[in-house]
Amino acid sequence: MRIVFAGTPDTALPSLQRLIDSPRHDVVAVLTRPDAAAGRRGRPQPSPVALRALDHGIPVLRPVRPNAPESVAELAELAPECCPVVAYGALLRDALLAVPPRGWVNLHFSLLPAWRGAAPVQAAIAAGDAVTGATTFRIEPELDSGPVYGVATETIRPDDTAEQLLARLAVSGAELLAATLDGIEDGALQAVPQPRDGVSYAPKISVEDARVQWELPAAVIERRIRAVTPNPGAWTMIGDLRVKVGPVTIAESTDDGRSELAPGHIHAGRRDIWVGTGSQPVRLGQVQPPGKKLMDAADWARGARLGSEVRAS
């Protein structure tokens, strides 16, 4: 089947590569976001999807306004039968959606209708879900609401960060997307409307959203930190310093002077740094002070010589 693949970040690469390698489908072009500033010098760099396509000699479309008439016309000239989408990063309007006769098929990293939106993996971890997955569906104008072709499930591990879980879903999702396109081409796969019940939303997470709220219970804090690791990254103010915080460990006991820690209060031991929460304390793992690399929290605390009155907030 003749396809144009739409995607932008590393997450989309397993799907793109799987379709490039497929003997059944012909990737005639990719649609991706325009080059963006990257690195210390901020020079424009092609997206990961653009680089992979160029490596395979596949034409790359990088419109600033993908729904503009000239962009729609450019896609129409390629005459794709179907357009698979993985984390493209822009809304698609009616004129663009009408180009491929077999529609646009999105790979979304949740079990729809749960966690529609930009951050489904992060939302599933933060909510404490035991299972998530990937869903292929036909794109319609309303956000992530189209009828479903297929699903793949994935267990959320107790120590999963968003990066780790998304990496697994990207691989299993690539197989699901390929199987979905095969079924569409064969005429053997029909999309089924999503249930009306169970709809939830996962909006994009801002930097401010990633600030640790120490008054919350330890279990909630622990999940939320993993959900935003590594991007945008959990952070807190320790004194006057804005410090990034890696995954934490919940205290199993309350000895060594930690039992009475109020939310945000710090107990610095020789080997461990504990912070009070709305329930039991948590042990900091790695931290990243301004202008520094990630380091063990206890090593940083010794060098920083934290005073007894310093708090995390």
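**Figure 1. Pairing of β10 with β11 in the predicted model.** In this predicted model, strand β10 is joined to strand β11, residues 241-245, by 5 bridges, and the two strands run antiparallel. Within this pairing, W235 stands opposite K244 of β11. The face of W235 is covered by R242, which lies at 3.9 Å from the ring centre. Both strands belong to an open sheet of 4 strands, ordered β10-β11-β16-β17, in which the pairing is antiparallel. Because β10 (234-238) and β17 (295-296) stand at the edges and each has a single partner strand, one side of each is left without a neighbour in the sheet.

**Figure 2. The parallel strands β1, β6 and β7.** Strand β6, residues 83-86, runs parallel to β1, to which 2 bridges join it, and also parallel to β7, to which it is joined by 3 bridges. On the β1 side, A6 stands opposite V85 of β6, while on the β7 side the bridge partner of C83 is W104. The side chains of β6 are divided between two directions, with C83 and V85 pointing one way and P84 and V86 the other way, and all of these residues are buried.

**Figure 3. Surroundings of T8 in the loop after β1.** T8 is found in the loop that lies between β1 (2-7) and α1 (13-21). With a relative accessibility of 14%, which is under the 20% limit, T8 counts as buried. When its neighbours within four places in sequence are left aside, T8 is in contact with T32 and R33, with S47, P48 and V49, and with V86, A87 and Y88. Two of these contact residues, R33 and Y88, are also related to one another, since the charged end of R33 sits over the ring of Y88 at 5.9 Å from its centre. A search of the whole structure for pairs of aromatic rings, by contrast, finds 0.

**Figure 4. Strand β2 seen through V27 and V28.** V28 is found in strand β2, and at 11% relative accessibility this residue counts as buried. Not counting residues up to four places away in sequence, V28 touches R2, I3 and V4, and further along the chain I58, P59 and L78. Although V28 and V60 are 32 residues apart in sequence, their C-alpha atoms are 9.3 Å apart in space. For V27, with residues up to four places away in sequence again not counted, the residues touched are I3, F5, L16, L19, I20 and I58.

**Figure 5. The nonpolar cores.** The largest nonpolar core holds 38 residues, of which F5, L19, V27, V30 and L181 touch the most other members. At least two residues of this core are supplied by each of β1, α1, β2 (26-31), α2 (48-55), β7 (104-108), α5 (120-127), β9 (148-155) and α6 (162-186). With 8 residues, α6 gives the most to this core. Apart from it lies another core, of 24 residues, which includes I238, V245, V275 and V282. In soluble globular proteins, nonpolar side chains tend to be buried together.

**Figure 6. Helix α5 and its cover.** Helix α5 is largely enclosed by the rest of the structure, because 6 of its 8 residues are buried. The buried residues of α5 are P120, V121, Q122, A123, A124 and I125. Their cover includes β7, β8 (131-138), α6 and α7 (218-227). The helix is followed by G128, whose phi is positive, near 80°.

**Figure 7. The whole chain, as context for the close-up views.** The chain has 8 helices and 17 strands, and its C-alpha atoms fill a box of roughly 70 × 45 × 30 Å, taken along the principal axes. Of its 313 residues, 47% count as buried. Among the contacts in the chain with a separation of 6 or more, 64% are accounted for by residues 24 or more positions apart. The accessible surface of the chain comes to about 15,600 Å², and 51% of this surface belongs to carbon and sulfur atoms.

Methods: Residues numbered from 1 in each chain as written. Heavy atoms only, no water. Pairing = 2+ DSSP bridges. Buried < 20%, exposed > 50% of the residue type's maximum accessible area, 1.4 Å probe, protein only. Contact = heavy atoms within 4.5 Å. Phe/Tyr/Trp six-rings, centres within 6.5 Å; stacked < 30°, edge-to-face > 60°. Lys NZ or Arg CZ within 6 Å of the ring centre and 35° of its normal. Areas by Shrake-Rupley, 256 points an atom, 1.4 Å probe, with all protein chains shown as cover. Core = buried A, V, L, I, M, F, W, Y, C linked by side-chain atoms within 4.5 Å.
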